[in-house]
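Take a look at the chain shown here. The report that follows walks through its contacts and its unusual backbone spots, one group at a time.

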Amino acid sequence: MGYSDQRFDVNLSILFTELPLLERPAAAAAAGFTAVELWWPWIETPTPAQEELDALKKALEDAGTQLVGLNFYAGQLPGPDRGAVSVPGEESDRFNANINVAADFAASVGCKALNALYGNRVEGVDPAVQDELALKNLVVAAQAADRVGAILLIETLNKPESPLYPLVSAPAGIEVVDKVNEATGLGNAKFLLDLYHLAMNDEDLSEVIEKYAAKTGHVQIADKPGRGAPGTGELPLEDLLDQLKKAGYQGYVGLEYKAADAAASFEWLPAEARAAK
């Protein structure tokens, strides 16, 4: 067991960001990785030009990197926004415009996981109205993901950094997963278990893994405090990932941490363990 027994991917929206988007897959490959993930890269638009989508596909292929996770349109992220599915009006419309664009792009590169960030609470809007809208949008997203053989991910964030985001505990995220699956009958909604966010919420990480590993579709990690690479903080990440594996999780572990020098930040992971198995 240990780090060398995991399937890691590099989040290219938080690492290698000093490089233009199209150069990041090659940088990840140069560091020894064969799998990557992305937040929605075109934060200004849910519907980028086909040439932009084609250019990203080519960059991924030329680098020999497999895209294993992609966010649907999520507003200004990084920035003030935390998704669009529960935000009435223009943002919900933009999310809907993005659903098939993101799903079709995922299909074109063999990506099997699409993450839909829930969105912040909006002042003056009844939370129940937002939750109703979110479920409606997530059902459509789950159906689109299913059409291309992908899962839909629901992510829990952390309250200190995302105070307006309503899903700030594992049970809150799981509740949405269950509601979407109940509404669609597809069973392809899964939990995105982010150990950093859960730790920032002071949750019992071992207990979360024990309870929810079977409903988990993707895992992300960063150390706490500071959201740095494993070993820069206090979390027993190697032990927690071992526990996940023993609980039956066989998916990818996304490296979603901050580092001033991404290439130098991978020293905790032996070079021979970086290529996804």
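The unreviewed UniProt entry carries the annotation "domain: Xylose isomerase-like TIM barrel", and this annotation covers residues 26-269. The model itself is predicted. Over residues 26-269, helix makes up 41% of the chain and strand 14%. The C-alpha atoms at the two ends of this stretch are 19 Å apart.

## Salt bridges

How many salt bridges does the structure hold? There are twelve. The table shows three of them, each with its N to O distance.

| Basic residue | Acidic residue | N to O distance |
|---|---|---|
| Lysine 57 | Glutamate 61 | 3.0 Å |
| Arginine 94 | Glutamate 91 | 3.2 Å |
| Arginine 121 | Aspartate 131 | 3.0 Å |

Start with lysine 57 and glutamate 61. Both residues sit in helix α2, which spans residues 50-63. They are four residues apart, about one turn of the helix. Is each partner buried, exposed or partly exposed? Glutamate 61 has a relative accessibility of 49%, so it counts as partly exposed. Exposed would need a value over 50%. Lysine 57 has 24%, so it too counts as partly exposed.

Next come arginine 94 and glutamate 91. This pair lies in helix α3, residues 90-109. The spacing is three residues, again about one turn of the helix. Glutamate 91 has a relative accessibility of 18%. Buried means under 20%, so glutamate 91 counts as buried. The pair also belongs to a network: salt bridges link Glu90, Glu91 and Arg94.

Now take arginine 121 and aspartate 131. Their closest N and O atoms are 3.0 Å apart. This salt bridge links distant parts of the chain, with the two positions ten residues apart in numbering. Arginine 121 is in the loop between β4 (113-115) and α4 (127-147), while aspartate 131 is in helix α4. Arginine 121 counts as partly exposed because its relative accessibility is 25%. Aspartate 131 is partly exposed as well, at 29%.

## Unusual backbone spots

Most residues other than glycine have a negative phi, and most peptide bonds are trans. Some spots in this chain depart from that pattern.

Which residues are joined by a cis peptide bond? Leucine 77 and proline 78 are one such pair, with omega about 5 degrees. Proline 78 lies in the loop between β3 (66-71) and α3. Lysine 224 and proline 225 are also joined by a cis peptide bond, and here omega is about 0 degrees. Proline 225 lies in the loop between β7 (216-221) and α8 (237-246).

Two residues have a phi worth checking. Phenylalanine 16 has a phi near 65 degrees, a positive value in a residue other than glycine. For aspartate 202, phi is near 60 degrees, also positive. Each is found in a loop. Phenylalanine 16 lies between β1 (7-11) and α1 (24-30). Aspartate 202 lies between α6 (195-200) and α7 (205-212).

Buried or exposed: which word fits each of these residues? Phenylalanine 16 has 5% relative accessibility, so it counts as buried. Aspartate 202 has 64%, so it counts as exposed.

## Aromatic rings

A pair of aromatic rings is described by the distance of the centres and the angle of the planes. The structure holds ten aromatic pairs. One of them joins phenylalanine 16 to phenylalanine 266. The ring centres are 6.1 Å apart. Why is this pair called tilted? The planes meet at 40 degrees, and angles under 30 degrees count as stacked and over 60 as edge-to-face, so the pair is tilted.

This pair also links distant parts of the chain, 250 residues apart. Phenylalanine 16 is in the loop between β1 and α1, and phenylalanine 266 is in the segment after β8 (252-255). Phenylalanine 266 has 0% relative accessibility, so it counts as buried. Phenylalanine 16 is buried too, at 5%. Both residues belong to one aromatic cluster, made of Phe16, Phe33, Tyr257 and Phe266.

One more ring deserves a look. Arginine 7 lies over the face of tyrosine 252. The distance from the ring centre is 4.1 Å.

Terms used
Residues are numbered from 1 along each chain as its sequence is written. This is a predicted model: local features need pLDDT of at least 70, side-chain atom pairs count only at pLDDT 80 or more; totals for chains, interfaces and linings use all residues. Side-chain values use heavy atoms; hydrogens and water are left out. A salt bridge is a side-chain nitrogen of Lys or Arg within 4 Å of a carboxyl oxygen of Asp or Glu. Buried means under 20% relative accessible area, exposed over 50%, partly exposed in between (1.4 Å probe, protein chains only). UniProt positions are given in the numbering used here, feature names are shortened, and annotations may be inferred rather than shown by experiment. Rings of Phe, Tyr and Trp (its six-membered ring) pair if their centres lie within 6.5 Å; planes under 30 degrees apart count as stacked, over 60 as edge-to-face and the rest as tilted. A charge sits over a ring if NZ of Lys or CZ of Arg is within 6 Å of the ring centre and within 35 degrees of the ring normal.
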